[in-house]
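User: I should like to go through the descriptive terms applied to this structure and hear the grounds for each.

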Amino acid sequence: MACEQWRGKLDAYLDGELDPGEARTLGTHLQGCAACAADALERVQMKRAVHMAGNRYAATSALRSRIAKSIATKPRRESRGLWWILAVPAVLILILSVMVNLYVGRDATRRQRFYSELADLHVAALASTTPVDIVSSDRHTVKPWFQGKIPFSFNLPELQGTEFTLLGGRVTYLAQTPGAHLIYQIRRHEVSVFIFQDRGEETASPASGPMHTLSFNVENWTQNGLRYFVVGDVGADDIQALSKLLRDAG
Amino acid sequence: MEVPDQPLPVATFEDLAMPLFDQLYNFARWLAQDTAEAEDLVQETYAKALRGFSSFQPGTNFRAWMYRILRNSFLSSRTGLKVMVALDGEADESLLPPESNTPESILIGQADRETVQQALADLAVPFREILLLCEVEEMSYQEIAETLAIPMGTVMSRLFRARKALRDLLRKKNEGGRHGV
């Protein structure tokens with residue numbers, strides 16, 4: 001191809017608009033043709049000169065911020081508005097849930113501690129060489145034994161016809177409060193029954209049910225100013241059965 | 001220079017438009033040749049583009065779209081109506097004559113920045129704008145075609161004529177400078 005024809009393509013070549021095949025061929029031609037190379041050099045210099053000269057004007061920062069402000073409003077305000085609509089209840093829910101969790105957590109911790117102490121009393125008594133101070137299967141013997149030792153009296157159920165056997169009883173203390181600790185047996189398992197005066201705060205609202213962390217089942221209720229706790233490693237059915245007997249007696 | 005397609009599904013108008021601010025202002029200032037008018041043009045461009053952003057097709061060239069809005073705003077302005085002249089017969093110039101290369105033309109290529117700026121300012125607006133889009137904005141011919149709403153062939157012929165016009169102006173300035181010394 002003649003130089004004249006190549007020069008007609010020089011601008012497109014230098015603008016990067018020539019197809020790759022032609023660009024390679026023209027590049028090779030420029031390496032061997034001083035006249036065309038000089039022409040290309042001049043055009044490159046012009047391109048550079050216009051590039052440098054054309055970057056001339058800078059906007060004020062005031063205009064920039066004015067425009068940025070004017071275009072930032074619409075899309076962001078909508079999203080901000082939506083964010084707040086969602087965020088306010090979300091924050092309230094979060095605060096409430098934290099408060100509830102704290103309260104429940106504190107309550108759960110207190111209940112857990114309370115049950116742990118009952119479980120400790122239960123286990124300690126069974127581990128003792130003298131689990132009970134009054135050894136008797138006769139409720140009419142056990143009940144009077146507590147008189148004068150604790151500041152209240154209670155009724156014990158008749159166990160005839162049931163699987164439960166009364167092993168005996170002992171005086172116990174929980175939160176500086178004296179109480180009755182009775183031990184029953186069912187199928188070679190011991191179950192403790194604790195009876196305290198109902199003082200509200202200390203023993204308030206411990207829920208019944210399994211104490212998973214301690215592997216014990218617990219039942220508790222308040223009756224005639226007394227608070228009953230039935231603790232044992234037997235099934236919940238047995239715990240509830242014994243609880244029912246005690247309730248009926250009380 | 002090929003510019004990747006700008007719009008992304010998550011990009012806001014602000015994300016796409018603000019990076020173009022400095023260059024748009026420079027272009028507006030070159031077109032209007034007046035600071036206050038250029039500021040108005042840029043503001044108008046952003047306002048129009050924001051309003052029309054919902055109709056902007058993702059995947060098409062955002063930069064070319066913004067420049068087109070700016071240019072159309074300029075064309076409809078009082079200054080734009082006065083300075084934009086018709087370029088007769090440019091579409092017919094498919095065969096472009098080769099430029100001659102002389103020691104003088106190399107000298108022109110080395111003209112100082114201020115001289116080139118003056119020559120650019122003196123150019124007819126259609127030549128000035130296409131040179132700015134090509135050399136300053138480094139737009140591809142395709143982008144220039146989109147921005148100016150003209151066919152690719154017209155981009156090439158107008159660019160050729162714009163470069164020639166600039167050379168002529170610089171040559172005159174060069175000769176005038178030499179004669180003046």
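User: What is the handedness of the crossing in which α3(B) passes α4(B)?

Analyst: The model is a predicted one. In it, α3(B) passes α4(B) in a right-handed crossing.

User: Why is α3(B) called oblique to α4(B)?

Analyst: Helix α3 (residues 35–52) of chain B packs against helix α4 (residues 62–75) of chain B at an angle of about 125 degrees, the axes being 9 Å apart. Roughly perpendicular ends at 115 degrees, and roughly antiparallel requires an angle over 145. The value falls under neither heading, and α3(B) is therefore oblique to α4(B).

User: Which residues make that contact, and how do they divide by class?

Analyst: From α3(B) come L41(B), E44(B), T45(B), K48(B) and A49(B), and from α4(B) come M66(B), I69(B), L70(B), S73(B) and F74(B). By class, the contact of α3(B) with α4(B) has six nonpolar, two polar and two charged residues.

User: What makes α2(B) roughly antiparallel to α8(B)?

Analyst: The axes of helix α2 (residues 21–32) of chain B and helix α8 (residues 125–136) of chain B come within 10 Å and cross at roughly 165 degrees. Angles over 145 degrees count as roughly antiparallel, so the term applies to α2(B) and α8(B). The crossing of α2(B) and α8(B) is right-handed. On the α2(B) side the contact is made by F27(B), W30(B) and L31(B), and on the α8(B) side by V125(B), R128(B), E129(B) and L132(B). These comprise five nonpolar, no polar and two charged residues.

User: Turning to chain A, why does A241(A) count as partly exposed?

Analyst: A241(A) lies in helix α7 (residues 236–249) of chain A. A residue is buried if 20 or more other C-beta atoms lie within 10 Å of its own, and exposed if 12 or fewer do. A241(A) has 19 C-beta neighbours inside 10 Å and therefore counts as partly exposed. The C-alpha atoms of A241(A) and T162(A) are 9.3 Å apart in space, while 79 residues separate the two in sequence.

User: What share of chain A is buried?

Analyst: Of the 250 residues in chain A, 27% are buried. The secondary structure of the chain comes to seven helices and seven strands.

User: How do you know that β1(A) and β2(A) pair?

Analyst: Two strands pair if DSSP finds at least two bridges between them. Strand β1 (residues 134–135) of chain A and strand β2 (residues 165–174) of chain A are joined over two bridges, in the antiparallel sense, so the condition is met. The bridge partner of V135(A) in β2(A) is G168(A).

User: How many bridges join β2(A) to β3(A)?

Analyst: Nine bridges join β2(A) to strand β3 (residues 177–186) of chain A, and the two run antiparallel. G169(A) has L182(A) as its bridge partner in β3(A). The hairpin of β2(A) and β3(A) has two residues between the strands, and A175(A) takes a positive phi near 55 degrees there.

User: What makes up the contact between the two chains?

Analyst: Chain A contributes 35 residues and chain B contributes 41 residues. On the side of chain A that touches chain B, α1 (3–7), α2 (10–14), α4 (34–54) and α5 (61–127) each supply at least two residues. α4(A) gives the most to that side, with 13 residues. The residues of that side of chain A divide into 17 nonpolar, seven polar and eleven charged.

Definitions and conventions. Residues are numbered from 1 along each chain as its sequence is written. Chains are lettered from A and ligands numbered from 1 in the order in which they are written. This is a predicted model: local features need pLDDT of at least 70, side-chain atom pairs count only at pLDDT 80 or more; totals for chains, interfaces and linings use all residues. Helices (H or I, at least four residues) and strands (E, at least two) are DSSP runs, numbered from the N terminus. Axes are lines fitted to C-alpha atoms, for helices over the stretch in contact, and angles run from 0 to 180 degrees between N-to-C directions. Angles under 35 degrees count as roughly parallel, over 145 as roughly antiparallel, 65 to 115 as roughly perpendicular and the rest as oblique. A crossing is left-handed if the near helix is turned anticlockwise from the far one by less than a right angle, and right-handed if clockwise. Two residues are in contact if their C-beta atoms, placed from the backbone, lie within 7 Å. Ala, Val, Leu, Ile, Met, Phe, Trp, Tyr, Cys and Pro count as nonpolar, Asp, Glu, Lys and Arg as charged, and the others, Gly among them, as polar.
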